[in-house]
Amino acid sequence: MEIKDLKQLENGSVVFEVEEGKEEWEAVLNRISDSMQKQKPVQGYRPGKAPLPIAYKEYGQPLIDQASQEVLNGAVEKVCGEHEYFLLANPEITAVTADLSSLQATVSIVPYPTAPDFVYTGIEVEKPIKTVTDAEVDDAVNRYMKGHPYVHEVEREARMGDTVEVSFTGTCNGEGFEFDHSDKSHFRMGTGALFAGLDDHLLGHMPGDDVEVSLTMPENFHRKPVRGKTLDLKVHLNSITEREVLECTDEFVKEKVKGAETVAEFRELQRTRLQKTNDAKTDKAFDRNLQKALASRVTCPIPDSMVQVGVDGFVRSLRSMASQQGRKAEEILRERGQTMEMFINQVRPIARMQVRVSVALDYIMRKENMVASEEAIEERIQKFMKNSRLPHDKALAHMGGRENVAEKVTQEMAYNFVRDNCKVVETEVDVIPINFGKLE
């Protein structure tokens, strides 16, 4: 058997030519012929004694096909053994010419990519640092105060932003109607929460006033029973409640804020909270930069089939999220100004990078002889059981089996090894990046 013209394509597949010499090919044909004769003897011959041309007349193309399959399987095993390939899919025979005298074929295989030697310790990785400013603390305190106003009734005219209590009677398109409200309805002026346009009619009125209004509801109004209908209402304004934003003082903090008694202590609480959020973003950005650094060191071709698996995973996650909201993925994408094709093109570079990271980690696992312990594997399964509330057997099946869990745990060991042995370059930034940036 001769294997020649082996080459790796940009899509990650490997193509090579197979030729079987005349004597070797005849030997394979005779072996297959003998086997077939034992199953179904040729008339006039004892099993295994019919000459090859006679056997071919009896069995036809299946004789050639079985012999070809044996030779090509051997060729694939030889190539995989010599190059340490692990196949992701069954070989594809793209061309084959075979008769009783010779065999020639073109074979295409898709091996799991293997990273060439690369240095994976001491990798320089940027870590963006964001320190909370006094201005950001001021904004946080102001937001807190707006969210904790002093709420009280007032005897003045109604203003936008006030919460009003009303009672009303009326007709809908000239007929009496029952609306899903209590005797006293509350809503915030300016929101259009009760009926569209009612806010404008109540503006400037005092508690105790009666107001007659005629309103036509929009076709897309959030209350279905009155969409597109005309309401003639007699509204009594019962009360007006004001939300007053107070000044942040030591007295307010001591009474309202848990864990602080002075404005200074309250500001430090806000600063600590904001910095904790920044630090979490920093860790995510650092991990993204480390993944990009690892991926950039994997220069071998990546099979399209592996990238597609990652893309399909992103699409499944999107559809699952949409389903939980009772919606379709395409609806969510339209709100983002995207189509499914645009989404797939967006996530494909990320999927390709993730494959490269996985290849790099597999290389590190082998180089460092990393093996996940049974305790670590079981701990991962127990954690999933707790989060999913599934019994052990179903949790394990959902996780792809124990072997898959072991691989994930070992990959995490490899990643932590690189993380612990990289060179961190801290950089002060105004805004922490929230995406991978340009990948391809």
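This is a short talk on the overall form of one protein model, two of its helices and one lysine.

Okay, hi everyone. First thing to keep in mind: what you see on screen is a predicted model. Let me start with the whole chain. There are 440 residues, and the secondary structure comes to 13 helices and 12 strands.

So how big is the radius of gyration, set against that of a compact globule of 440 residues? The globule would sit near 22 Å, but this protein has 36 Å. The box tells you about the extents: along the principal axes, the C-alpha atoms fill roughly 115 × 65 × 40 Å. As for burial, 36% of the residues count as buried. The accessible surface is about 26,400 Å², with carbon and sulfur atoms taking 48% of that.

On contacts, take the pairs at least 6 apart in sequence: 68% of those contacts join residues at least 24 apart. And for the electrostatics people, I count 57 positive and 74 negative side chains, with the centres of the two sets 3 Å apart.

Now, helix H3. That's residues 61–83, so 23 residues by the DSSP runs, and end to end the C-alphas span 33 Å, close to the 33 Å expected. What does its buried side pack against? Quite a list: strands E1, E2, E3 and E4, plus helices H1 and H2. The buried residues include Leu63, Ile64, Ala67, Ser68, Val71 and Leu72. If you're looking at that spacing, remember that an α-helix has 3.6 residues a turn, so residues three or four places apart point the same way. Just past the end of H3, have a look at glutamate 84, which takes a positive phi of about 55°.

Next up, helix H13, residues 402–420. This one has 19 residues and reaches 27 Å, again close to the expected 27 Å. Its buried residues pack against helices, namely H7, H10, H11 and H12. Among those buried residues are Val405, Ala406, Val409 and Thr410, and further along Ala414, Tyr415 and Val418. Gln411 is on the buried list too.

H7 is also where we find lysine 284. Buried or exposed, then, for lysine 284? Exposed: its relative accessible area is 56%, and the cut-off for exposed is over 50%. Back along the sequence, arginine 273 is 11 residues from lysine 284, and the two C-alphas are 17 Å apart.

That's my tour, happy to take questions.

Definitions and conventions:
Residues numbered from 1 in each chain as written. Predicted model: local features only at pLDDT ≥ 70, side-chain atom pairs only at ≥ 80, totals over all residues. Heavy atoms only, no water. Helix = DSSP H or I, 4+ residues; strand = E, 2+ residues; numbered from the N terminus. Expected span 1.5 Å × (residues − 1). Buried < 20%, exposed > 50% of the residue type's maximum accessible area, 1.4 Å probe, protein only. Contact = heavy atoms within 4.5 Å. Rg over C-alpha atoms; globule rule 2.2 N^0.38 Å. Areas by Shrake-Rupley, 256 points an atom, 1.4 Å probe, with all protein chains shown as cover. Lys, Arg positive; Asp, Glu negative; His and termini not counted. Charge placed at Lys NZ, Arg CZ, Asp CG, Glu CD.
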